[in-house]
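Student: Could you give me a close look at one part of this model, with its surroundings worked through residue by residue? I'd like to begin with a loop, and then see how the pieces elsewhere in the chain pair and pack.

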Amino acid sequence: MLKHDIRRFVLILSAALAIASTATAAAGRGFAIFIDSISYKEAAAEVEAYAASVKKQGLEPYVVIDRWKNPDSIRTEIRRLASLKSNPIEGMVFIGDIPVAMIRDAQHLTSAFKIDQNLKNFERTACPSDRFYDDLNLRFDFIKRDAKKPNLFYYSLSPESPQVSCPVLYSGRIKSFAYNGKSEYERLRAYLTKVVRIKQQGDTLNRMLYFSGQGYNSESLISRVDEKTAYYEYFPWMRRQSSAITYLDHKMARFAKYPLMSQLQRPDLSLAILHHHGGVEAEYINRTPDPRSVNENLEAAKMFFRSKIRTAVERGGDKEQVMARYAREYDVPLDWFDDIFTPESIAADSIFNDRIDLHIYDLGRFKPDARVVMLDACFNGAYNYEAYMAGGYIFEDGDCVVTIANSVNSLQDKWCDANIGLLGYGMRVGNFVKYNPYLESHIIGDPTFSFVPAVSLPFDINDALCKDAKFWRKQLSSPYPAVQAMALRQLTLRNAITGEELLEVFSASPAGSVRMAALMMLSEVKGESFVKCISLGLNDEYELVRRFSAIFAGKCGSPEIIPALIRASLREGVGKRVEFQLRNALALYPYDELLEYYLSNDLCGNKIACEDDDTDFAEELMRYSDKKYIEGLALLDDPDADRREVKLMIKRLRNNPQHTAVPELLKFLNTTDDEELQYMLVEAFGWFNYSYRAQEIADALRKVAGNARFSGRIHEEATKSIGRLVSGSGK
């Protein structure tokens with residue numbers, strides 16, 4: 001019966017075979033299921049049942065068996081399916097061993113991936129990304145296929161490509177692997193059966209968990225308090241429910257992974273958002289637990305020495321000499337080290353360390369039941385590896401069907417849950433991630449999964465994404481902040497809202513999540529309204545708005561922001577992570593201008609200092625202003641400067657754009673004959689995209705791109721940087 005209810009396209013290298021369907025999709029959109037031939041053979045019935053579940057959602061399913069094993073050919077087919085006059089696809093899923101595009105020369109499209117792109121280790125220095133498939137506007141140049149892992153294909157982002165990611169489709173990965181005595185195909189069949197069952201039973205998003213791991217966001221408690229307030233804005237129906245939102249912190253238990261696992265296997269849990277550090281096969285939950293007694297302090301110190309001494313010996317150090325050195329440096333008894341290398345001590349420390357973090361093998365010890373899990377961490381979604389943490393969640397026996405995870409490094413300070421509130425109104429997970437298009441962000445599982453709306457809207461939220469600006473302007477008055485925030489996003493995408501209007505929304509909205517959306521849209525529109533919004537945002541009541549305003553203050557560098565920046569830096573209780581970003585921002589402003597404003601205004605009249613603290617803010621500016629970078633910039637005028645130090649100084653400009661040094665940097669670019677330094681500086685200029693001097697830099701780089709003095713390589717990189725500097729600015 002299923003075979004007659006589903007349209008399936010089975011494509012082979014030489015021809016395409018279409019299997020007609022007896023039904024017509026009501027919504028007029030389709031969805032592609034790409035699968036390798038072996039996986040299809042092993043799980044044909046389950047794939048067809050999954051396709052039928054997609055059809056019930058109003059999407060016409062196209063099953064495509066990949067026999068090309070080449071990303072370019074798959075992308076060509078995606079483009080064809082997206083261009084169909086009837087039921088064009090809105091997204092796709094890749095099941096099994098579908099080729100992985102490894103992207104180079106596009107680190108600006110990631111949130112934190114800034115590794116040197118050496119030629120010795122291509123896999124480690126490229127970002128696995130399905131933006132290759134779902135953002136059809138981006139253009140890539142093929143480099144090579146991996147000799148050891150033939151499923152990996154390396155590409156470079158083309159200079160002619162847009163330098164901002166804005167996917168037209170969404171995508172997901174269902175990449176299984178053998179584990180816990182089960183083959184990858186057993187686990188694949190079980191997952192597809194599970195996701196069909198979960199979609200059929202229809203769950204409402206009415207219970208959620210959020211977790212904070214060690215060292216994340218400076219362990220700011222204020223940020224987590226405000227985060228809960230935002231979730232109540234996103235999911236207002238949860239206010240009426242007892243314990244609808246659960247918060248766990250790594251400090252709440254000696255070994256927090258155990259209460260975390262207990263929470264994750266709650267059968268009533270809809271959504272879990274886990275903020276922590278991570279690796280390919282581990283989530284870093286705890287550091288060594290804080291000692292609470294004299295004995296625990298002693299044991300913590302001894303554990304520190306055991307770890308350091310064992311590591312030093314493993315690296316070739318003499319055991320006796322290493323122990324003597326640590327005893328001398330820390331003035332501790334040598335007999336503290338007697339048991340460091342005993343089997344019992346090593347085993348005990350191994351067990352202790354195992355309890356600190358959540359490992360992929362722990363997923364076999366409990367059943368993750370949260371339907372959707374966001375792993376806000378590095379590398380948990382690295383699907384270029386055989387086994388990876390995000391895959392472990394969905395392929396175990398629990399009811400988890402989707403993880404959202406990162407394939408490489410992930411920035412702590414990013415708005416990872418932007419628009420997540422719309423999941424509660426029936427938005428498909430794919431559409432949620434589509435509007436958070438970092439190069440590293442991926443859906444592991446079914447991207448068509450959606451919750452049954454908890455609140456009835458007068459429209460389907462997925463259909464609404466295709467509506468015009470007139471529709472979305474009406475939604476600015478929606479009673480739901482999550483809908484208002486998406487309206488700002490849609491109007492900005494359509495160039496149907498001005499910076500002045502976005503600033504007005506920011507100034508008037510009582511919802512922190514809406515103000516955050518307005519700030520982020522202004523960062524794309526730029527202009528004077530963006531500068532004004534930053535100054536206002538530094539004093540906002542919502543921690544995330546304050547934090548991003550501090551980040552943008554540094555990246556913008558406009559002198560108009562100085563008064564608000566200094567006042568915010570002197571304010572108590574803004575949050576540890578905001579304080580961190582304020583210090584970073586001060587370092588990108590001229591010392592003299594900061595000091596002048598500080599001295600000309602009585603800003604510390606009400607401050608009562610500790611008698612041991614005689615540090616003045618004016619003295620702190622010596623450390624937290626551009627003073628700390630002046631010495632580095634002087635290297636440009638020194639013909640005898642160490643070239644390695646010059647390269648390091650230029651590389652630092654990526655995260656620390658020195659706005660006042662732009663004329664000096666441009667002068668160096670136009671006078672040096674060192675092609676490598678030219679290339680590094682032109683690339684670094686692309687990171688000034690929020691700078692108030694971005695247009696000045698873009699104009700200068702246009703001259704570089706047309707100057708025969710520079711090589712073709714420099715011309716290409718200048719073109720890319722110009723694309724980044726002017727994108728979203730209306731220029």
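Tutor: Happily. A residue counts as exposed when its relative accessible area is over 50%, and as buried when that value is under 20%. Please keep in mind that this is a predicted model.

Let's start with Lys69, which sits in the loop between strand 4 (59-66) and helix 4 (71-82). Its relative accessible area is 51%, so Lys69 is exposed. The backbone is worth a look too: phi of Lys69 is near 60 degrees, a positive value in a residue other than glycine. Most residues other than glycine have a negative phi.

Now turn to another loop lysine, Lys526, found between helix 18 and helix 19. Phi of Lys526 is near 65 degrees, again positive in a residue that is not glycine. Lys526, however, has a relative accessible area of 13%, and is therefore buried.

Helix 18 leads us to a packed pair. Two packed helices are described by the angle between their axes and the distance between the axes. For helix 18 (residues 512-525) and helix 20 (residues 543-556), the axes come within 9 Å and cross at roughly 15 degrees. Angles under 35 degrees count as roughly parallel, and so helix 18 is roughly parallel to helix 20. Their crossing is left-handed. On the helix 18 side, the contact is made by Gly512, Arg515, Met516, Leu519, Met520 and Ser523. Helix 20 contributes Leu544, Val545, Phe548, Ser549 and Phe552. By class, this contact has seven nonpolar, three polar and one charged residues. If you look at the spacing of the names, it helps to recall that an α-helix has 3.6 residues a turn, so residues three or four places apart point the same way.

Helix 20 also belongs to the surroundings of helix 21 (residues 562-570). Within helix 21, Ile562, Ala564, Leu565, Ile566 and Ala568 are buried. Their cover includes helix 19 (528-537), helix 20, helix 22 (576-586), helix 23 (591-599) and helix 24 (617-623).

Further along the chain is another helix pair. The axes of helix 28 (residues 675-685) and helix 30 (residues 712-726) come within 8 Å and cross at roughly 15 degrees. These two helices are therefore roughly parallel to each other, and their crossing is left-handed. Glu675, Gln678, Tyr679, Val682, Glu683 and Phe685 are the helix 28 residues in the contact. They meet Arg713, Ile714, Glu717, Ala718, Ser721, Arg724 and Leu725 in helix 30. This contact divides into six nonpolar, two polar and five charged residues.

Let's move on to the strands. Four of them form an open sheet with mixed pairing, in the order 7-6-9-8. Strand 7 (127-128) and strand 8 are the edges, and each has a single partner strand, so one side of each lacks a neighbour in the sheet. Strand 8 (residues 140-145) runs antiparallel to strand 9 (residues 152-157), and five bridges join them. The link between strand 8 and strand 9 is a hairpin of six residues. To find the register, place Asp141 opposite Ser156 and Arg145 with its bridge partner Phe153.

There is also an open sheet of three strands, ordered 14-15-16 and paired antiparallel. Strand 14 (277-278) and strand 16 (358-359) have a single partner strand each, so they stand at the edges with one side left free of a neighbour in the sheet. Two bridges connect strand 14 to strand 15 (residues 282-284), and Gly278 stands opposite Glu283.

One more loop residue reaches this region. Gln214 lies between strand 11 (208-212) and helix 7 (221-234). With a relative accessible area of 19%, Gln214 is buried. Leaving aside residues up to four places away in sequence, Gln214 touches Glu219, His250, His277, Tyr284, Ile285, Asn286 and Arg287.

Definitions and conventions. Residues are numbered from 1 along each chain as its sequence is written. This is a predicted model: local features need pLDDT of at least 70, side-chain atom pairs count only at pLDDT 80 or more; totals for chains, interfaces and linings use all residues. Side-chain values use heavy atoms; hydrogens and water are left out. Axes are lines fitted to C-alpha atoms, for helices over the stretch in contact, and angles run from 0 to 180 degrees between N-to-C directions. Helices (H or I, at least four residues) and strands (E, at least two) are DSSP runs, numbered from the N terminus. Angles under 35 degrees count as roughly parallel, over 145 as roughly antiparallel, 65 to 115 as roughly perpendicular and the rest as oblique. A crossing is left-handed if the near helix is turned anticlockwise from the far one by less than a right angle, and right-handed if clockwise. Contact means heavy atoms within 4.5 Å. Ala, Val, Leu, Ile, Met, Phe, Trp, Tyr, Cys and Pro count as nonpolar, Asp, Glu, Lys and Arg as charged, and the others, Gly among them, as polar. Two strands pair if DSSP finds at least two bridges between them. Buried means under 20% relative accessible area, exposed over 50%, partly exposed in between (1.4 Å probe, protein chains only).
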